[in-house]
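This briefing introduces selected features of one protein model to a reader who is new to structural description. Please keep the sequence and the structure in view while reading.

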Amino acid sequence: MIEGIFVEGLIYGIMVLGVFISFRILDFPDLTVDGSFPLGAALMVQCLLLGMNGWLALLVAFAGGVLAGVVTALIHNHLRVPNLLAGILTMTMLYSVNIRILGNRANVPVLNQPTILTQVTEKFTGIIPDEYILLVFFLIVALVVKVLLDLFFRTDLGMTLGAMGNNEQMVISQGVNPKTLKTIGVGLSNGLVAVSGAFAAQYLGFADVGLGQGIIVSGLASVMIGEFLVLKSNRIGVLTLCALAGSVCFYAVMYVGRFYGYLIHMTPSDLNLIKGVLIIILLIMTQAKKLKVPFKVAK
C-alpha cells in the first residue's frame with residue numbers, strides 16, 4: 001500500500017508541477033489540464049499500439065500536451081477570451097480529439113504491449129526488489145523533471161515568466177511580449193500534464209477519455225497541501241519540491257479513502273466529495289493564516 005501511494009503520487013506529481021506552473025507562477029487558471037491529461041494517455045497508448053519506441057511515444061505525448069496549451073493561450077491572447085473560458089473551450093474540444101486518437105473508442109487497453117514500465121521492470125529484476133522497481137524509477141523521473149524545471153526558472157526566460165505572474169505590467173515595460181510568455185508557460189504546463197497522463201496510462205494498463213475528469217482539482221489540492229508542508233519560500237527549488245510532496249500526501253488521503261472508506265459506508269463515487277471538502281478546508285486554513293493576529297490578554 002505504501003509503495004502504491006508513492007508511485008501514484010509521483011506519477012501525478014508531474015501533473016502537479018504543470019498545474020503549479022500555470023496557477024502559481026503564471027497566475028493563469030487553466031482548465032485545459034482536464035483534456036491534456038487524457039490526451040497524453042491516448043497518444044502514448046496509440047503510439048505503443050503502432051509499435052513505436054516508448055520513449056519516443058513519451059515525447060509525442062509531451063508535444064501533444066504543449067500543442068493543447070498553445071491552443072488555449074492563442075484563444076486567450078488573440079481572441080481576448082478569459083483564461084478560464086479559453087481552457088474550457090480547449091478541454092471540450094480535446095474530448096472529441098482524444099476519442100479520435102483512440103480510434104473512436106472511449107477506452108483502449110495496453111496490457112499486452114511492451115511499455116517503458118515493462119522494460120524497466122525486466123531490466124532491473126533481480127537488482128532491485130520487484131515491489132520497489134517502479135517506485136525507484138518514478139522517483140528518479142520526478143526528480144529529473146523537478147531539477148530541469150528548477151534550472152529553467154533560473155534562466156532569463158524562466159525568471160521573466162515568474163515576474164510576469166507577479167506583475168505583468170513590469171514585464172511589458174521591459175519590452176517583453178506577455179502573450180508570447182503566456183504561450184510558452186501554458187504550453188510547458190500542459191506538456192508536463194500530458195507526460196503524467198502518458199505514464200498513468202502505462203501504470204494503469206489503459207487509456208480512457210475520462211482519465212482527466214477532475215484532475216485539475218487533484219492538482220490544485222496537491223499544490224495547496226504542498227504549500228502547508230514547509231514555511232513560505234520564494235525559492236523555486238523549494239516550491240517544486242513542495243508540489244511533489246503535496247501530490248504524494250494528497251494521493252495518500254485518496255488511498256485511505258478508497259481502502260478504508262467502507263468503514264463509514266463510503267463508495268468510490270464519494271472520492272470527488274473528499275477532494276472538494278479537502279480544498280475547502282485548505283482554503284479556510286489559508287484565510288485563517290492570513291487573518292491571524294497575535295493574541296493579547298486584556299488588562
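Asn104 lies in the loop between α4 and β1 (107-109). The model that contains this residue is a predicted one. The points below treat loop residues with particular backbone angles, then a buried loop residue, the helices α2 and α6, the largest nonpolar core and, at the end, the second largest pocket.

**Loop residues with positive phi**

- Asn104 has a phi near 60°, which is a positive value in a residue other than glycine.
- Asn104 counts as exposed because its relative accessible area is 52%, and the exposed class begins over 50%.
- Arg80 is also not a glycine, and its phi is positive at about 55°.
- The loop that holds Arg80 runs between α3 (54-78) and α4 (83-101).
- With a relative accessible area of 78%, Arg80 is exposed.

**A buried loop residue**

- Thr32 sits in the loop between α1 and α2 (33-49).
- Is Thr32 buried or exposed? Its relative accessibility is 0%, and buried means under 20%, so Thr32 counts as buried.
- Apart from neighbours within four places in sequence, Thr32 is in contact with Ala68, Thr72, Gly87, Thr90, Met91, Leu94 and Asn190.

**Helix α2 and the residue after it**

- Helix α2 consists of 17 residues and spans 24 Å from its first C-alpha to its last, close to the 24 Å expected at 1.5 Å a residue.
- Most of α2 is covered, since 15 of its 17 residues are buried.
- Gly51, just after α2, adopts a positive phi of about 90°.

**Helix α6 and residues distant in sequence**

- Leu135 is located in helix α6.
- Not counting residues up to four places away in sequence, Leu135 touches Glu3, Phe6, Val7 and Leu10.
- Leu135 and Ile11 are 124 residues apart along the chain, and their C-alpha atoms are separated by 9.7 Å.
- Leu139 likewise belongs to helix α6, which comprises residues 130-152.
- From C-alpha to C-alpha, Leu139 and Gly13 are 10.0 Å apart in space, although 126 residues apart in sequence.
- Leu139 is partly exposed, as its relative accessible area is 40%.

**The largest nonpolar core**

- In soluble globular proteins, nonpolar side chains tend to be buried together.
- The largest nonpolar core in this model has 84 residues, of which Tyr12, Met15, Phe37, Phe137, Phe138 and Phe199 touch the most other members.
- Which helix supplies the largest share of this core? The helix is α1, with 14 residues.
- Phe37 is in contact with Tyr12 and Met15, and also with Val193, Ser196, Gly197, Ala200, Leu211, Gly212 and Ile215, leaving aside its neighbours within four places in sequence.

**The second largest pocket**

- The second largest pocket has a volume of about 490 Å³.
- Its lining is formed by 19 residues, and the closest to the centre of the pocket are Glu8, Tyr12, Arg258, Leu271 and Lys275.
- At least two lining residues come from each of α1 (2-25), α9 (178-204), α10 (215-229), α11 (236-260) and α12 (271-291).
- How many residues of the lining are nonpolar, polar and charged? The lining divides into 10 nonpolar, 6 polar and 3 charged residues.
- Tyr12 thus appears in two settings: among the residues closest to the centre of this pocket, and among the core residues that touch the most other members.

Technical notes:
Residues numbered from 1 in each chain as written. Predicted model: local features only at pLDDT ≥ 70, side-chain atom pairs only at ≥ 80, totals over all residues. Heavy atoms only, no water. 1 Å grid on protein atoms, 1.4 Å probe; cavity = no way out; pocket = protein on both sides within 12 Å on 5 of 7 lines; lining within 4 Å. Points joined across faces, edges and corners; volume = space filled by probe spheres on them. Helix = DSSP H or I, 4+ residues; strand = E, 2+ residues; numbered from the N terminus. Nonpolar A, V, L, I, M, F, W, Y, C, P; charged D, E, K, R; others polar. Buried < 20%, exposed > 50% of the residue type's maximum accessible area, 1.4 Å probe, protein only. Contact = heavy atoms within 4.5 Å. Core = buried A, V, L, I, M, F, W, Y, C linked by side-chain atoms within 4.5 Å. Expected span 1.5 Å × (residues − 1).
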